[in-house]
Amino acid sequence: MVEENCTMVMEFVLLGLSDVPELRGVLFLVFVLIYSITVLANLCMMALIQVSSQLHTPMYFFLSHLSFVDFCYSSVIMPKMLANILNNGKTISFLGCMVQFYLFCTYAITEVFLLAVMAYDRFVAICNPLLYMVIMSWKLRVMLVACCYLYASVCSLIHLCLAVEVPSYKSNVINHFFCDLPPLLSLACSDVTMNEVLLFIVVNFNEILTIVIILTSYLFILITILRMRSAEGRRKAFSTCASHLTAITVFHGTILFIYWQPTSSNNWDVDKVTTVFYTVVIPILNPLIYSLRNNDVKEALRKVLGSKLFS
């Protein structure tokens, strides 16, 4: 579009995943099922950790916050996405768009750093088992989690302030299923180089810092595991780390694919499909990964269900 068509925008139109009418029913059923399982799985994980005394350890303290974050940022996106699948309008107000972006960005960045904190927790548990509960004290756990939330809120607020300052847009049609920053900036009439550079710097800084923490932690974990004489000990340690590494690989992989490229060169259709993995799939995978592959969680669930059935 040409410059004279640039206007202030009061609402945006979200194109969604597909504009094929025949797919609406199928997409709605698939995503409402996924969202229902996501909500149920994450809330059940938080409740189980809360009521089961054997899960009152640092690892499950962090896992309960991971479940909370997964529930929150899935809920920021999925209800509006489901409504838009059924409706023809698919509109979202400018304020609603900014709020959705801010909350999503906050919870996504929080998850990035929570996964790094959980890697450090695994490092302490495996490399310093005798001092584990001393090092990972309640005060340190609360401080680490609080820092994750606080840092994510500040990062998101900076991006939000710059996004709100964009005076006009070429179009109000966002080729996405939620208000994400890259597709939003691609519609701006004014120069958004500052926004793009800041986005690139923040994403790179967050990714590099957390990946360094994760790789360093797992390097020491690997060295410790290889030194173990017990085959059962090595198997248990690898099993514990496998769940965490699976979540890290999928989550960080999609983020790097989407944000480590210039905004102008993005293929939005590819990005939409990729984004589904960390906005829709990851929140449902995390509680399943950490429950189905974790004997402590399965044992705690059996005890809770058993006590309820026979009480």
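Is Asn294 buried or exposed? In this predicted model, Asn294 has a relative accessible area of 10%. That value is under 20%, so Asn294 counts as buried. The residue sits in the loop between H9 and H10. Beyond its neighbours within four places in sequence, Asn294 is in contact with Met59 and Tyr60. Its C-alpha atom lies 34 Å from that of Val154. Along the chain, Asn294 and Val154 are 140 residues apart.

The overall fold comes next. The chain contains ten helices and three strands. Their order along the sequence is β-α-α-β-α-α-α-β-α-α-α-α-α. The radius of gyration is 21 Å, and the globule rule gives 19 Å for 311 residues. The two values are close, so the chain is as compact as a globular protein of that length. Along the principal axes, the C-alpha atoms fill a box of roughly 70 × 45 × 30 Å.

Burial and contacts were computed for the whole chain. Of its 311 residues, 47% count as buried. The chain exposes about 15400 Å². Carbon and sulfur atoms supply 71% of that area. Among contacts with a separation of 6 or more, 80% join residues 24 or more positions apart.

Helix H2 offers an example of such a residue-level environment. Ser64 is found in helix H2, which spans residues 58-86. Its relative accessible area is 15%. This is under the 20% cut-off, so Ser64 is buried. Setting aside neighbours within four places in sequence, Ser64 is in contact with Met46 and Ile49. Pro287 is 223 residues from Ser64 along the chain. Their C-alpha atoms are nonetheless separated by 9.5 Å.

Helix H5 covers residues 138-164 and includes His159. Leu157 belongs to helix H5 as well. The two residues fall into separate burial classes. His159 is buried, with a relative accessible area of 4%. Leu157 is partly exposed, at 43%. That value lies between 20% and 50%, which means that Leu157 is neither buried nor exposed.

The surroundings of His159 can be listed in full. Leaving aside neighbours within four places in sequence, His159 is in contact with Phe101, Cys105, Leu181, Leu198, Leu199 and Val202. Cys105 also serves as a reference point for Leu157. The C-alpha atoms of Leu157 and Cys105 are separated by 9.1 Å. These two residues are 52 residues apart along the chain. Leu305 is 45 Å from His159, C-alpha to C-alpha. In sequence, His159 and Leu305 are 146 residues apart.

Empty space was then examined. Rolling a probe the size of a water molecule over the atoms shows where such space is left. The structure holds three cavities of 30 Å³ or more. The second largest cavity has a volume of about 140 Å³. Its lining is made of 14 residues. Gly16, Leu17, Ser18, Ile85 and Lys90 lie nearest its centre.

Which helices each supply at least two residues of the lining of the second largest cavity? They are helix H1 (24-51) and helix H2 (58-86). H2 gives the most, with three residues. By class, the lining of this cavity has nine nonpolar, three polar and two charged residues.

The second largest pocket holds about 220 Å³ of space. Twelve residues line this pocket, and Ala41, Cys44, Ser291, Val297 and Leu301 are the closest to its centre. Two or more lining residues come from each of H1, helix H9 (268-292) and helix H10 (295-309). H1 makes the largest contribution, with five residues. The lining of the second largest pocket divides into ten nonpolar residues, one polar and one charged.

Helix H1 thus takes part in both linings: it supplies at least two residues to the second largest cavity and five to the second largest pocket. H9 and H10 line the second largest pocket, and the loop between H9 and H10 carries the buried residue Asn294.

Terms used: Residues numbered from 1 in each chain as written. Predicted model: local features only at pLDDT ≥ 70, side-chain atom pairs only at ≥ 80, totals over all residues. Heavy atoms only, no water. 1 Å grid on protein atoms, 1.4 Å probe; cavity = no way out; pocket = protein on both sides within 12 Å on 5 of 7 lines; lining within 4 Å. Points joined across faces, edges and corners; volume = space filled by probe spheres on them. Helix = DSSP H or I, 4+ residues; strand = E, 2+ residues; numbered from the N terminus. Nonpolar A, V, L, I, M, F, W, Y, C, P; charged D, E, K, R; others polar. Rg over C-alpha atoms; globule rule 2.2 N^0.38 Å. Buried < 20%, exposed > 50% of the residue type's maximum accessible area, 1.4 Å probe, protein only. Contact = heavy atoms within 4.5 Å. Areas by Shrake-Rupley, 256 points an atom, 1.4 Å probe, with all protein chains shown as cover.
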